[in-house]
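The following questions and answers go through one protein chain, from strand pairing to its pocket.

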Amino acid sequence: MKKFLVLIMALMLALSGVAVATAEETPVPATIALNTSSYIVGHRAEATATAEGVTGFQWKSSAPKIASVSAKGVIQFKKPGQVTITVTAKGKVKAVGAVTIDVVQNSNAIETSRVYLKGNYVYADILYTNAGDKPVKKLGKTEITVSGIEGHSAFTAKSGMAKKAIKAGEAGYVTFKLMKVNKAEIDLTKAVAAMKPAA
C-alpha cells in the first residue's frame with residue numbers, strides 16, 4: 001500500500017511539473033505602441049511595450065541599418081526599407097511581441113534638433129535628410145526660421161557643417177551659426193529653428 005501511495009505521489013508531482021513547464025513555455029502576447037505614425041528617414045519614435053505580468057522588456061531590430069532600437073525602445077529610422085521591432089520579456093513571465101514598420105524617404109524630412117549657446121553665439125543643430133545622390137558635408141547659404149527668441153524670426157546662415165558627410169538617402173545633423181548675442185540677456189528655452197527645404 002505504501003509503495004502504491006508513493007507511486008501515486010510521484011506521478012502527481014511529475015504531472016504537476018509538466019503542467020508548470022508547459023505554462024512557462026507559453027509566451028504572453030505583448031503589445032507595442034509607437035508615439036508616431038510617421039516613419040521617415042532621419043526621424044525617431046518612442047515605443048512602449050505592455051504585457052500582463054511583465055515589467056521589463058528587451059528590444060531588437062531585424063535590420064539595424066534600416067532602423068535601430070535602444071534598450072529603452074527609442075527607434076531611429078535610418079534608411080528606407082522594412083524592419084520588424086521585437087520585444088521579449090526580461091523576467092520570469094515569457095512575453096513576445098512585434099511590429100513591422102515601413103520606413104520611407106521624404107525629401108522634406110527636416111526637423112530641428114536643438115538651439116543652444118556656444119560662447120556668445122547662438123547655434124542650431126538641424127536634422128537634414130540628403131535627398132541627392134552624393135554625400136553632403138557642407139551646406140551653402142541657407143534660410144533658417146526661428147521662433148521663441150524675442151526680436152528674431154529669420155536668419156540667413158552663410159553655411160552649415162555636418163560633423164561627418166551625410167550619405168545619399170540618409171540623415172544627419174548640420175550645425176548653423178546664427179548670431180552673436182549677450183548670453184546673459186537671451187533665453188533659448190523655447191527656441192525652435194527650422195531649415196527651409198530646398199525648392
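Q: How many bridges join β3 to β6?
A: This is a predicted model, in which local features need pLDDT of at least 70 and side-chain atom pairs count only at pLDDT 80 or more, while totals for chains, interfaces and linings use all residues. Residues are numbered from 1 along each chain as its sequence is written, and side-chain values use heavy atoms, with hydrogens and water left out. Strands are DSSP runs of E of at least two residues, helices are runs of H or I of at least four, both numbered from the N terminus, and two strands pair if DSSP finds at least two bridges between them. β3 and β6 run antiparallel, and the bridges joining them number three.

Q: Which residue of β6 stands opposite Ala45?
A: Ala45 belongs to the covered face of strand β3 (residues 44-50), together with Ala47 and Ala49. The uncovered face holds Arg44, Glu46, Thr48 and Thr50. Opposite Ala45 in β6 stands Ile75.

Q: Which residue stands opposite Ala49 of β3?
A: Strand β2 (residues 31-34) is joined to β3 by four bridges, and the two run antiparallel. The residue opposite Ala49 is Ile32.

Q: Through how many residues does the hairpin join β7 to β8?
A: β7 and β8 run antiparallel, with eight bridges between them. One bridge pairs Val87 with Gly97 in β8. The hairpin from β7 to β8 passes through a number of residues equal to five.

Q: Do strand β1 (residues 28-29) and strand β8 (residues 95-103) run parallel or antiparallel?
A: Strands of a sheet pair through backbone hydrogen bonds, in either of two senses. Two bridges join β1 to β8, and Val28 stands opposite Ala95 in β8. The sense of this pairing is parallel.

Q: What is the order of the open sheet of three strands?
A: Strand β12 (residues 142-149) pairs with β13 in the antiparallel sense over five bridges, and Ile144 has Phe155 of β13 as its bridge partner. Pairing in the sheet is antiparallel, and its order is β13-β12-β16. The edge strands, each pairing on one side only, are β13 (152-157) and β16 (192-195).

Q: Why does Pro80 count as partly exposed?
A: Pro80 is found in the loop between β6 (74-77) and β7 (81-89). Leaving out residues up to four places away in sequence, Pro80 touches Val41, Ile66, Val103, Gln105 and Gly169, where contact means heavy atoms within 4.5 Å. Buried means under 20% relative accessible area and exposed over 50%, with partly exposed in between (1.4 Å probe, protein chains only). Pro80 counts as partly exposed because its relative accessibility is 40%.

Q: How far apart in space are Pro80 and Gln105?
A: The two residues are 25 apart in sequence. From C-alpha to C-alpha, their distance is 5.7 Å.

Q: Which element gives the most to the lining of the largest pocket?
A: A pocket is an open set of points on a 1 Å grid over the protein atoms alone, where a 1.4 Å probe fits, with protein on both sides within 12 Å along at least five of seven lines; lining residues have an atom within 4 Å of a point. The lining has 20 residues, of which Lys164, Glu170, Ala171, Gly172 and Tyr173 lie nearest the centre. Elements that give two or more residues are β6, β9 (111-118), β10 (121-129), β14 (160-166) and β15 (171-180). With five residues, the element that gives the most is β14.
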